[in-house]
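Hi,

Here is the structure I said I would pass on. Have a look at it first, and my notes follow below.

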Amino acid sequence: MDEIDEEFIPEDGEGNTGTPKDVAKGLREKLKKALEEKQEYLDRWQRAQADFVNARKRDADERQAFAKFAKEDLIAELIPVLESFDMAKSNKETWEKVDAGWRKGVEYIQSQFLKVLEGNNVREINPIGEKFDPMRDEAVSYEPTDDSEKDHVILEVIQKGYALGEKILKAPRVKVGEFKKAA
């Protein structure tokens with residue numbers, strides 16, 4: 001009876017034997033260590049996931065900014081073409097002498113061109129009759145006026161302007177009224 005059967009000696013799973021209390025204490029420590037490691041791995045994984053999501057957002061923002069820049073640059077290059085249409089039609093006498101079918105075709109092409117630009121959030125700035133805005137308009141000259149209501153009002157648009165969204169790509173060139181009191 002003094003012999004103890006080895007099957008009944010508690011073991012901690014690593015070949016260490018001892019009293020049941022010692023083995024339980026060792027197992028608790030191992031469990032605590034395993035839980036801490038699990039939490040550390042979970043925290044690292046969650047940080048990696050957050051970093052990945054943030055990287056995807058940054059990448060999407062950068063792609064969007066690049067596309068906007070490329071679009072802006074292309075539209076800025078197309079504006080002179082649009083102005084050429086206006087210039088061709090500005091000389092009424094010569095324009096009226098051109099074959100009506102040809103004029104209609106050119107006007108149709110111009111309208112298609114304008115629709116494409118409008119579809120890309122480009123708008124024409126034609127501020128005739130509006131108050132002069134130095135942040136938007138480029139004053140070519142100031143014209144004296146005896147009407148106080150026309151003071152700092154755009155009297156004539158020399159060249160239309162264009163904006164992409166809220167950004168001015170080309171400022172309208174304008175003549176501005178300047179009220180002068182009669183002496």
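A quick definition before the details: I call something a salt bridge when a side-chain nitrogen of Lys or Arg lies within 4 Å of a carboxyl oxygen of Asp or Glu. Arg-63 and Asp-59 fit that, with their side chains meeting at 3.2 Å, N to O. Please keep in mind throughout that this is a predicted model.

Staying with that pair for a moment: Arg-63 and Asp-59 are about one helical turn from each other, because they sit 4 residues apart in helix α1. Arg-63 is exposed, at a relative accessible area of 53%, while Asp-59 is partly exposed, at 37%.

Now the overall picture. The protein chain has 3 helices and 6 strands, and along the sequence they come in the order α-α-α-β-β-β-β-β-β. Of the 183 residues in the chain, 18% are buried. The chain exposes about 14,300 Å², with carbon and sulfur atoms supplying 53% of that. If you take the contacts with a separation of 6 or more, 59% of them are between residues 24 or more positions apart.

Back to the charges. In general, side chains of opposite charge can pair when their charged atoms come close. The structure holds 12 salt bridges, and two others besides the pair above are worth opening in your viewer.

One is Arg-44 with Glu-40, whose side chains meet at 2.4 Å, N to O. Both residues belong to helix α1, which covers residues 20–90, and they are 4 residues apart, about one turn of the helix. Arg-44 is partly exposed, with a relative accessible area of 45%, and Glu-40 is partly exposed too, with 38%.

The other is Lys-160 with Asp-86, a salt bridge at 3.7 Å, N to O. This pair links distant parts of the chain: Lys-160 is in the loop between β3 (154–159) and β4 (161–164), Asp-86 is in helix α1, and their positions lie 74 residues apart in the numbering. Lys-160 is partly exposed at 25% relative accessible area, and Asp-86 is partly exposed at 24%. Through shared salt-bridge partners, Asp-86, Glu-124 and Lys-160 join into one network.

So much for the charged side chains; what about the nonpolar ones? Which residues make up the largest nonpolar core? There are 11 of them: Ile-75, Ile-79, Leu-82, Phe-85, Trp-95, Val-106, Phe-113, Leu-117, Val-122, Tyr-162 and Leu-164. Elements giving two or more residues to this core are α1, α3 (100–119) and β4. Helix α1 provides the largest share, 4 residues.

Tyr-162 is a good place to centre your view. Setting aside neighbours within four places in sequence, Tyr-162 is in contact with a list that includes Ile-79 and Leu-82, both of which are also members of the largest core. Among the other contacts of Tyr-162 are Asp-86 and Glu-124, which you will recognise from the salt-bridge network. The remaining partners include Arg-123, Ile-125, Lys-167 and Leu-169.

Finally, there is a second, separate core of 5 residues, and Phe-132, Ile-154, Val-157 and Val-174 are among them.

Over to you, and shout if anything is unclear.

Cheers

Note on methods:
Residues numbered from 1 in each chain as written. Predicted model: local features only at pLDDT ≥ 70, side-chain atom pairs only at ≥ 80, totals over all residues. Heavy atoms only, no water. Buried < 20%, exposed > 50% of the residue type's maximum accessible area, 1.4 Å probe, protein only. Contact = heavy atoms within 4.5 Å. Areas by Shrake-Rupley, 256 points an atom, 1.4 Å probe, with all protein chains shown as cover. Core = buried A, V, L, I, M, F, W, Y, C linked by side-chain atoms within 4.5 Å.
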